[in-house]
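Let's take a walk through this structure together, one stop at a time. Have the sequence and the 3D view ready.

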Protein chains: 2
Amino acid sequence: MELPERKRRILKAIVENYIDTAEPVGSKALADSFDTPISSATIRNEMSELEEMGYLEKPHVSAGRVPSFAAYRLYVNELMDRHRVATNELEAMRLMMESKMREIDNIVVSASKVIGEMTQHTAVSMISRKGGDRVKRCELIAVDSGSTYAAVLVTGSDVKNKMLRLASPVAPSTAAMLCTALNLAISENRLEYLLPSVAQSMGEDSQVYQMTSDILDFIRQTEAGSKPEVYIDGAARLLDNREYQDTGRAREVLEYFSDRSKVGELLESANGDPINVRIGPELQDPSMRDASLVFTSYQIDSNTRGIVGIIAPARMDYADVTAKLIAFTQTISGVMGRQRKQLKDAGETDERRTEDEEDGSR
Amino acid sequence: MELPERKRRILKAIVENYIDTAEPVGSKALADSFDTPISSATIRNEMSELEEMGYLEKPHVSAGRVPSFAAYRLYVNELMDRHRVATNELEAMRLMMESKMREIDNIVVSASKVIGEMTQHTAVSMISRKGGDRVKRCELIAVDSGSTYAAVLVTGSDVKNKMLRLASPVAPSTAAMLCTALNLAISENRLEYLLPSVAQSMGEDSQVYQMTSDILDFIRQTEAGSKPEVYIDGAARLLDNREYQDTGRAREVLEYFSDRSKVGELLESANGDPINVRIGPELQDPSMRDASLVFTSYQIDSNTRGIVGIIAPARMDYADVTAKLIAFTQTISGVMGRQRKQLKDAGETDERRTEDEEDGSR
DNA sequence: TCTTAGCACTCAGGGGTAATGAGTGCTAAA
DNA sequence: TTTAGCACTCATTACCCCTGAGTGCTAAGA
C-alpha cells in the first residue's frame, strides 16, 4: 500500500508548489520544475492516478490540481522534510524570549506574540494544568472598612484572587479564624465538612456562612480550572491569506476565535508528541474547514504546561511552521531551565533539568 | 451662520438615508421621500450649496451625494433626534446585566458583551481609575517552600498579585517584617525612604533587598496604572459592514484593535458628557479614518469608572447607538445602585443613590 | 427672487461576446 | 512504459455597448 517513489515525489512537489503559489498546479509547469526530465504526459498519468487515490482534486476540468486534505496529511506525516531554522533566526527568537519571559504571568501572551511574529500567522497560546489547579492555601484580606474581602488562593504555580462583597462587616478576628479553619480543611482534604460545621456554629444566615460558601465556590471553580486563559495573537494576519479574502469566510473564523473556550478545548487535546497537526476537517468545526492547526506543548513546571500553536489555511508551510515551533519549545525550555538552574544554584540542588529530548515516535 | 431650516432637513434626510442604505443618495429619490413636495431640481440646488459648504461629497459625477465627516458631526450635534429604546429592549438589557454583573471582576467583559449584542457592532470596554490606582496595603505570601513569594496589593477597589521568584529563601518572619515596614511606609506615604533603609540594614545584595525592590516596582507600576484592561467584543461584526468588505481595510482596523493600549488611550479621553462621539478623522489614526467611536462612562465606585462604547463605520446609526448606550449606563447604575443599597440596608446607611439624572448639556 | 420643468451630458455597472491560454484526456508511436 | 501530438474544456480577461441614475444649466413660471 506504500506509494511508489515517483508518485511520492510528484505529490510532494504539487503540495509544495501549491503552498507556495496558492494556485492549482498543472502538469507542464510541474514537469519543468524537475531536474530529472519527465514529460508532462507522464505526470498527467500519475496525477490522474493520484486523483483516483484521493490525494488530488480538480477545482474544475481545465485547471490544474490541488492537494486534498489527505495529501496534506501524508505530506506532514511522511513527505515533508523537517528542516531546521536558521541560526540567526534562532538567536533572534532567544533574544525576544529572554526579554519577554521574565514574568511568568505573561508567559502565554509572550509565547503567542513570539511565535506569531516568527511565522507571520495567527498564533494561539494557553496554559494547561494537570487535572486543574490544586489549591494549596488560602488567605483572607479585608479590603474595605469591614464589608469587602479578598480571597487569595495559592495554587501550584499561581495565585488567584477574588473580591467578596458582603452585606455586613465581618470582624477581622472572625475572618482570621475562618482562614485558619479553611487552611486546615484544605490540608486535611476535608473541605466538604467545613460548610456544615460553619452552619452549625454560626447559623445559616450569618455573614460568615455566606463568605465561606463563596470561598468554597471559588475554590471549586479554580480546581475545576474553569476557564483557561487563551491568547490569540495576530488574528488579523489571517486576512492576508488568499483563502480568507472572502469576508464571509474570514468572519466565520474570527468568530470562532472569539470563543476562547473552543480554541482552548482544541489546544487541550495536545498529546505528548513534539508536534500535533490537525488538518481541515480534523478540526471538527465547519468554520475551520479549510484551516489547519499546528501546535506543541512545553513544560513550565511539574504539573503545568504551556501550549502554543499557529492557525493558518490548510495550505500553509508545514515544514517551516513545524521547525519554528520545535525551535520555540527548545528555546523556551532552555530559557526556563536556565532560570530554574539559577534559582537552584543559589539555594540547594534537587532537580535535574531535562532538555533536548528527541522523540521520533510515529 | 446657522443653516436654514430647509437645508437642515435635506441634510438630515441625506445622512439618514445614507446610514440606511450605504448608497449615495440622489435628488430624485430624496424629493420623493419628503411629505411636503419639493422638486428634485430644488433639492439639487440645495445639495450643490451643501456641497460647497463641505457637508456633502460626490463619489463621482453621476452618482448621488454622500455625507462628509462634517455632516456626521453636525448630525450628531444638532440634527439627529434622540430617541428612546423600546421598553422591551430595555427590559432585555436589564436582564442580561443582572445575570452577568454579579462579579465585579468581569464587569468590563460583560459590559462589552451586552452592548455589542444590543447594537450588533463591535463593542469596546475598559475600567479607568482616577489618577491610577492608589495602593492601600500589601501582603506577602510564601507560595513555594522558600523561594517564591506572592505580593498582593490592595487598591481602591481591586486586588492585584504578582509572583516573585527569589534566588534563595527568605524566612517567613523576615517577610512578615518587611510586610509591616511596607505597610507603614505606605500609610505614611514615605515609600521612597524604604529601599535605602533596607539596603543599609540588610545589604544591597541580600534577598530581602531584591524582594523589596521588586515589590516597589510593582507598586509603582500599579499606581501608574500601566496597562488598563480593554475588552473588545465582536470584532468580527465589523466585517458585516459594506465599508469593510475590502479585506485590506478590515485588516487595518483589526490590527488597530489588537493594540489594546491604543484603544484604551482613546477611551480614556471620555469626558463628563453623557455621550462622546469621535468621528473618522477625529480619531487621529489613519486606519480608523472611516470609522467612528461612540462611547460613554459610568461610575463603578467613587474613584473608578467604566467606559464602554462601540466602534463602527462612520456611517452608523448614531441615534440608535447613542440611545442604547445611554440606556445602558442608566441600567447599570440602577443595577449597581441596587447592589450598593442592598449592602447598605443590611449595615448602616450613608450613601444616596443617584440615578436618572437628565443632562441636556450642549 | 425663488422654484420648477426640461434637456443635454456624464459615467458606473451590467450583460453579452470573443479571444486567450492553461490544463486535461486520449491515442499512437517510440 | 514513456512520450509526443492533438482535440477539447472552461475559467478568466478584455472589450464594447447599453442602460439608468444622477448632475448642472437654462429658461419659464409663481
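A quick bit of vocabulary before we set off: a residue is near a molecule or strand if one of its heavy atoms lies within 4 Å of it. With that in hand, look at DNA strand C: of the 21 residues around it, A:Ser27, B:Arg6, B:Thr42, B:Val61 and B:Ser62 come nearest. Sugar and phosphate make up 81% of the atoms of DNA strand C that come within 4 Å of the protein.

Now for the housekeeping. You're looking at a predicted model, where local features need pLDDT of at least 70 and side-chain atom pairs count only at pLDDT 80 or more, while totals for chains, interfaces and linings use all residues. Residues are numbered from 1 along each chain as its sequence is written, chains are lettered from A and ligands numbered from 1 in the order in which they are written, and side-chain values use heavy atoms, with hydrogens and water left out.

Back to DNA strand C and its polar contacts (a polar contact is a pair of N or O atoms within 3.5 Å; within protein, one must be able to donate a hydrogen and the other to accept it, and residues adjacent in sequence count only if both atoms are side-chain atoms). An N or O atom in the side chain of B:Thr42 sits 2.6 Å from a phosphate oxygen of this strand. The side chain of A:Arg65 also has an N or O atom 3.0 Å from a phosphate oxygen of DNA strand C. At A:Ala63, a polar backbone atom is 3.2 Å from a sugar or linking oxygen of DNA strand C. Which elements give two or more residues to the surface near DNA strand C? They are α3 of chain A and α3 of chain B; helices (H or I, at least four residues) and strands (E, at least two) are DSSP runs, numbered from the N terminus. The largest share, four residues, comes from α3(B).

Next, swing over to DNA strand D. There are 20 residues around it, and A:Thr42, A:His60, A:Val61, A:Ser62 and B:Ser27 come nearest. Here sugar and phosphate account for 80% of the atoms of DNA strand D that come within 4 Å of the protein. The bases get some attention too: a polar side-chain atom of A:Ser62 is 3.2 Å from a base oxygen of DNA strand D, and an N or O atom in the side chain of B:Arg44 is 3.2 Å from a base nitrogen of DNA strand D. For DNA strand D, the largest share of the nearby surface, four residues, belongs to α3(A). By class, the residues of that surface are six nonpolar, nine polar and five charged. In this count Ala, Val, Leu, Ile, Met, Phe, Trp, Tyr, Cys and Pro are nonpolar, Asp, Glu, Lys and Arg are charged, and the others, Gly among them, are polar.

B:Ser27 deserves a stop of its own. You'll find it in helix α2 (residues 27-33) of chain B. Is B:Ser27 buried or exposed? It counts as buried because its relative accessibility is 13%; buried means under 20% relative accessible area, exposed over 50%, partly exposed in between (1.4 Å probe, protein chains only). The side chain of B:Ser27 makes a polar contact of 3.2 Å with that of B:Arg44.

Further along chain B there's a sheet to trace. Its five strands form an open sheet in the order β7-β3-β10-β9-β8, with antiparallel pairing; two strands pair if DSSP finds at least two bridges between them. The edge strands, each pairing on one side only, are β7 (230-233) and β8 (276-279) of chain B. In the middle of our tour of the sheet, strand β3 (residues 122-129) of chain B is joined to strand β10 (residues 304-313) of chain B by eight bridges. One pair to click on is B:Val124 and its bridge partner in β10(B), B:Gly309.

Finally, two backbone curiosities. A:Ala22, in the loop between α1 (5-21) and α2 (27-33) of chain A, has a positive phi near 65° though it is a residue other than glycine. A:Ala22 is buried, with a relative accessible area of 8%. B:Gln120, in the loop between α6 and β3 of chain B, is not a glycine either, yet has a positive phi of about 60°. With a relative accessible area of 43%, B:Gln120 is partly exposed.
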